[in-house]
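Me: Please take a close look at chain A of this model and describe how its parts are put together. I should also like to know how chain A meets its partner chain.

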Amino acid sequence: MKRFSFLELAKNAFNAHQNWGRQWRAPEPKAEYDIVIVGAGGHGLATAYYLAKEHGMKNIAVIEKGWLGGGNTGRNTTIVRSNYLWEESAALYNHAVNLWQGLSTDLNYNVMYSARGVMMLAHTVHDIQVFKRHIHANRLAGVQNEWLSPEAAKDYCPPLNIEKNIRYPVMGAALQRVGGTARHDAVAWGYARAADDMGVDIIQNCAVTGIRRGIDGAVEGVETAKGFIKAKKVGVVAAGHTSVLMDMVGVRMPLESNPLQALVSEPVKPAFPCVVMSNTIHAYISQSDKGELVIGAGTDQFVSYSQTGGIHITTHTIDAICELFPMFRRMRMLRNWGGIVDNTPDRSPIIGKTPVPGLFVNCGWGTGGFKATPGSGHVFAHTIAKDEPHPINAPFTLDRFRTGRLIDEAAAAAVAH
Amino acid sequence: MLLIHCPYCGVERPETEFACRGEAHIIRPADPSTQTDEQWAEFLYLRENPKGLYAERWRHIHGCGRFFNAVRETVSDKFVKVYKAGEPKPDLEALAKEMSA
């Protein structure tokens, strides 16, 4: 791998940037791997990267049905934050935020992490109570979060309308200053390039069609479009398609897959300094470095794998954006799209072992998985390598739905369900 | 937005009049005190979530207000069948074969 540096950039400038070379190989699958990761999204690639980097595993493949980073990794609204309520979640998401801080250096790839602040708006007395509870819980757990008056919120984000005459006036806001955005594609590419450099085979356009088990019940490998691939351990990191993959080994999951939509506007000059979210009237918005407004809408109410969503869901969000930010009323939207998110009943992820020996699962990130990408990959790699969970993901078992130790984050999820 | 046929009203209406209430034909255990933790997890949380035909409950919440069931294909979102609450679950495999034929 050619390391990116100022010197390298200067050298390549002399030959019109023609000799940068491929960022990762396109290998044919080997007959056997120690570990096969199913799904080359951010979480899957991060898992492979940390397996190679921190656990010395060399014989790893990441198998992907489409192209890497082409699912929810390339479809989300790129928000990073860790202001979740419970200690278990705060530890998990804060682990990710800590890794985000040094990720560009670690990967030698600019993931454009920008801690521009995430502000969550309160519009009702109930919102104020819930957010203040979150702030207190966060501060006790060592997670940054603070309360702003409507005026302070407007100072932080000048386009915000805090007039009292709108349908849901802004009554205050919770601000997490270390929250922000990162470039989603760059995260996938950075992990792919760094993992590939350590010998991880990333096999794209190769759908997994079955998971084979031996007579002892343990995983033997995966059936794919390119034939059978033997594997000692298999990690499923397939987001919305987790239920479909786990069904291949007869494991029923507490998941429902729904389309979640996002949209972007035409690009404009920098006008929007932070990320603003409103759970109550359902809008979240930030401005990308290209200048587009990136807007997140809600999920459809029914199970679907369509990767599109109802137009009434996006118009509902646009209504809220127009009321909160009147200056955007005449903006034109360029594209909208949907991704399939896997929601758990308690809106917390499942990261750990399954009833099938050698089979691991990392799923249930629902509407907010992007922010956790580095942390998720890091603890999942530990779980696979050591055959036991990292202390941070120990509470996030599949078994919690049997024991009843749920981690209820319905109020912290950005999308109202 | 989906167009949904309400079997009680006998009309096709936009999705915004309806609320989806998840997987159909999940029956609450008759004798809860005898259930194991596994059975409770199954009843409360485990869902089919198929990529294909799915039987689910809908409620015509802004219309007649009644619950009914529907079979829908979860990739195209097309409704294959709607039927009143209390009617037996259709044979989804047979329906899938019929559709592919």
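Reply: **Chain A and its contacts**

In chain A, the C-alpha centres of domain 1 and domain 2 are 28 Å apart. The model is a predicted one. Neither domain is a single stretch of sequence: domain 1 comprises 22–109, 183–254 and 347–403, and domain 2 comprises 118–179 and 257–343. Where they touch, domain 1 of chain A contributes 25 residues and domain 2 of chain A contributes 27. On the side of domain 1 of chain A that touches domain 2, at least two residues each are supplied by β3, α3 (87–101) and α8 (242–247) of chain A. Helix α3(A) has the largest share of that side, with four residues. By class, the side of domain 1 of chain A that touches domain 2 holds seven nonpolar, 14 polar and four charged residues.

Helix α3(A) also packs against another helix of chain A, α10 (residues 373–386), with 7 Å between their axes and an angle of about 110°. Because angles of 65 to 115 degrees count as roughly perpendicular, α3(A) and α10(A) are described as roughly perpendicular to each other. From α3(A), Leu92(A), Tyr93(A), His95(A), Ala96(A), Leu99(A) and Trp100(A) take part, and they meet Thr373(A), Pro374(A), Gly375(A), Ser376(A) and His378(A) of α10(A). This contact of α3(A) with α10(A) is made by six nonpolar and five polar residues, with no charged ones.

A second helix pair in chain A is formed by α2 (residues 42–55) and α7 (residues 184–197), whose axes are 9 Å apart at an angle of about 30°. As the angle is under 35 degrees, α2(A) is roughly parallel to α7(A). The crossing of α2(A) past α7(A) is left-handed. The α2(A) residues involved are Gly42(A), Leu45(A), Ala46(A), Ala48(A), Tyr49(A) and Ala52(A), and their partners in α7(A) are Val187(A), Ala188(A), Tyr191(A), Ala192(A), Ala194(A) and Ala195(A). In the contact of α2(A) with α7(A), 11 residues are nonpolar, one is polar and none is charged.

Some individual residues of chain A add detail to this picture. Ile211(A) belongs to strand β9 (residues 208–213) of chain A. It has 25 other C-beta atoms within 10 Å, and is therefore buried, the threshold being 20 or more. Beyond its neighbours within four places in sequence, Ile211(A) is in contact with Val219(A), Val222(A), Val234(A), Met248(A) and Val249(A). The C-alpha atom of Ile211(A) is 42 Å from that of Ala137(A), a residue 74 positions away along the chain.

Two loop residues are notable for their backbone. Thr78(A) sits in the loop that joins β2 (60–63) to β3 (79–80) of chain A. Although Thr78(A) is not glycine, its phi is positive, near 60°. Thr78(A) counts as buried because 24 C-beta neighbours lie inside 10 Å. Gln307(A), also not a glycine, has a positive phi near 55°, and its place is in the loop between β15 (293–299) and α9 (311–324) of chain A. With 17 other C-beta atoms within 10 Å, Gln307(A) is partly exposed, since a buried residue needs 20 or more and an exposed one has 12 or fewer.

As for the partner chain, 21 residues of chain A are in contact with 19 of chain B. On the side of chain A that touches chain B, the elements giving two or more residues are α8, β12 (256–265), α9 and α11 (400–403) of chain A. Of these, α11(A) has the largest share, with three residues. The side of chain A that touches chain B is made up of 10 nonpolar, eight polar and three charged residues.

Chain B itself contains two helices and six strands, arranged along its sequence as β-β-β-α-β-β-β-α. Its C-alpha trace spans about 45 × 35 × 25 Å along the principal axes. Chain B has 101 residues, of which 21% count as buried. Among the contacts in chain B with a separation of 6 or more, 50% join residues 24 or more positions apart.

Note on methods:
Residues numbered from 1 in each chain as written. Chains lettered and ligands numbered in written order. Predicted model: local features only at pLDDT ≥ 70, side-chain atom pairs only at ≥ 80, totals over all residues. Contact = placed C-beta atoms within 7 Å. Axes fitted to C-alpha atoms, helices over the stretch in contact; angles between N-to-C directions. Parallel < 35°, antiparallel > 145°, perpendicular 65-115°, else oblique. Left-handed = near helix turned anticlockwise from the far one by under 90°. Nonpolar A, V, L, I, M, F, W, Y, C, P; charged D, E, K, R; others polar. Domains from an automatic or database assignment.
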